[in-house]
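Reader: I would like to learn how to read a model of this kind feature by feature, with the general idea given before the particular case. Could we go through it together, slowly?

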Amino acid sequence: MNREMNSILDGNESLRPASLTADTDGQGVDLRGSESATVFVTVGAIADDAADSTITLEESVDDSTYTDVADADIRGTEPTVAANTAYQFGYGGSARYIRATFVVGGATSVLASAMIVRGHLDIAPTSAPRSNA
């Protein structure tokens with residue numbers, strides 16, 4: 001059995017790891033050439049109460065105008081964040097671009113990041129590291 005997955009998955013940073021203090025839109029990820037996408041979210045320390053801080057998913061046909069992804073196109077649950085927790089959920093829509101979005105709640109800062117992993121690729125990804133700087 002071949003357990004290597006590097007040639008069939010393509011990870012892309014959407015929300016760079018940071019102390020988020022305001023609503024923050026992640027970098028859009030182009031899904032062209034893939035048949036699936038999974039969002040991986042990591043949350044670290046939270047200052048104050050984050051009971052209503054969330055990571056949501058938005059979609060776009062042009063990487064310019066984004067709208068919320070319909071609940072029917074979310075595989076799993078977009079998280080209301082808790083400290084020191086990791087989450088994952090999938091995308092089942094048909095838009096070309098998606099991005100993670102952080103919505104600040106009662107917290108003064110939340111350490112968080114989001115990566116979008118494209119799967120079922122038409123072409124294997126390059127081995128070069130990616131940066132959305």
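Reader: Where is A95 placed, and is A95 buried or exposed?

Author: A95 sits in the loop between β8 and β9, and in this predicted model its relative accessible area is 14%, which makes A95 buried because the cut-off for that class is under 20%. Sequence separation and spatial separation are best read side by side, and here A95 and S60 lie 35 residues apart in sequence while their C-alpha atoms are 5.7 Å apart in space.

Reader: How does G33, in the loop between β3 and β4, read in those terms?

Author: G33, in the loop between β3 (29-30) and β4, has a relative accessible area of 22% and therefore counts as partly exposed. Its C-alpha atom is separated by 8.4 Å from that of H120, although the two residues are 87 residues apart along the chain.

Reader: Which elements make up the protein, and how many of them are helices?

Author: The protein has ten strands and zero helices, so that, by the definition of these elements, the order from the N terminus on reads β-β-β-β-β-β-β-β-β-β. As for burial in general, buried residues account for 38% of the 133 residues in the protein.

Reader: In what order do the strands of the open sheet lie, and which of them are the edge strands?

Author: Five strands form the open sheet, in the order β1-β10-β4-β8-β7, with antiparallel pairing. The edge strands, each pairing on one side only, are β1 (9-20) and β7 (74-75).

Reader: How many bridges join β1 to β10, and how many are there between β4 and β10?

Author: Nine bridges join β1 to β10, the two running antiparallel, and within this part of the sheet L20 stands opposite V110 in β10. Strand β4 (residues 34-48) pairs with β10 over twelve bridges, again in the antiparallel sense, and A37 stands opposite R118 in β10. Strand β10 itself (residues 107-121) is mostly covered, with eleven of its 15 residues buried.

Reader: What joins the edge strand β7 to β8?

Author: Two bridges join β7 to strand β8 (residues 85-91), and these strands run antiparallel; the bridge partner of I74 in β8 is Y91.

Reader: How should I read charged side chains, and how many salt bridges are there?

Author: Side chains of opposite charge can pair when their charged atoms come close. With nitrogen and carboxyl oxygen required to lie within 4 Å, the count comes to six salt bridges. One of them joins the side chains of E13 and R16, at 2.9 Å from N to O, and R16 counts as partly exposed because its relative accessibility is 40%. Another joins D30 and R32, whose closest N and O atoms are 4.0 Å apart; here D30 is partly exposed, with a relative accessible area of 24%, whereas R32 is exposed, at 57%.

Reader: Which parts of the chain does the salt bridge of R99 and E58 link?

Author: The side chains of R99 and E58 meet at 2.7 Å, N to O, and the pair links distant parts of the chain, with R99 in strand β9 (residues 97-103) and E58 in strand β5, 41 residues apart. R99 is buried, and so is E58, and both belong to a network of salt bridges that also includes D25.

Reader: What does E59 have in place of a salt bridge?

Author: E59, in strand β5 (residues 54-60), is buried yet has no salt bridge, the nearest side chain of opposite charge being R75, at 9.9 Å. The side chain of E59 does, however, make a polar contact of 2.5 Å with the side chain of Y91, and Y91 is the residue already met as the bridge partner of I74.

Reader: Which residues form the nonpolar patch on the surface?

Author: The patch consists of M5, I8 and L9, which together have about 250 Å² of accessible area. L9 lies in strand β1, and with a relative accessible area of 30% L9 is classed as partly exposed.

Technical notes
Residues are numbered from 1 along each chain as its sequence is written. This is a predicted model: local features need pLDDT of at least 70, side-chain atom pairs count only at pLDDT 80 or more; totals for chains, interfaces and linings use all residues. Side-chain values use heavy atoms; hydrogens and water are left out. Two strands pair if DSSP finds at least two bridges between them. Helices (H or I, at least four residues) and strands (E, at least two) are DSSP runs, numbered from the N terminus. Patches are made of residues with over 30% relative accessible area and no salt bridge: like charges are joined within 9 Å, nonpolar side chains (Val, Leu, Ile, Met, Phe, Trp, Tyr) within 5 Å. Accessible areas come from the Shrake-Rupley method with a 1.4 Å probe; for residues, only the protein chains shown count as cover. Buried means under 20% relative accessible area, exposed over 50%, partly exposed in between (1.4 Å probe, protein chains only). Lys and Arg count as positive and Asp and Glu as negative; His and the chain ends are not counted. A polar contact is a pair of N or O atoms within 3.5 Å; within protein, one must be able to donate a hydrogen and the other to accept it, and residues adjacent in sequence count only if both atoms are side-chain atoms.
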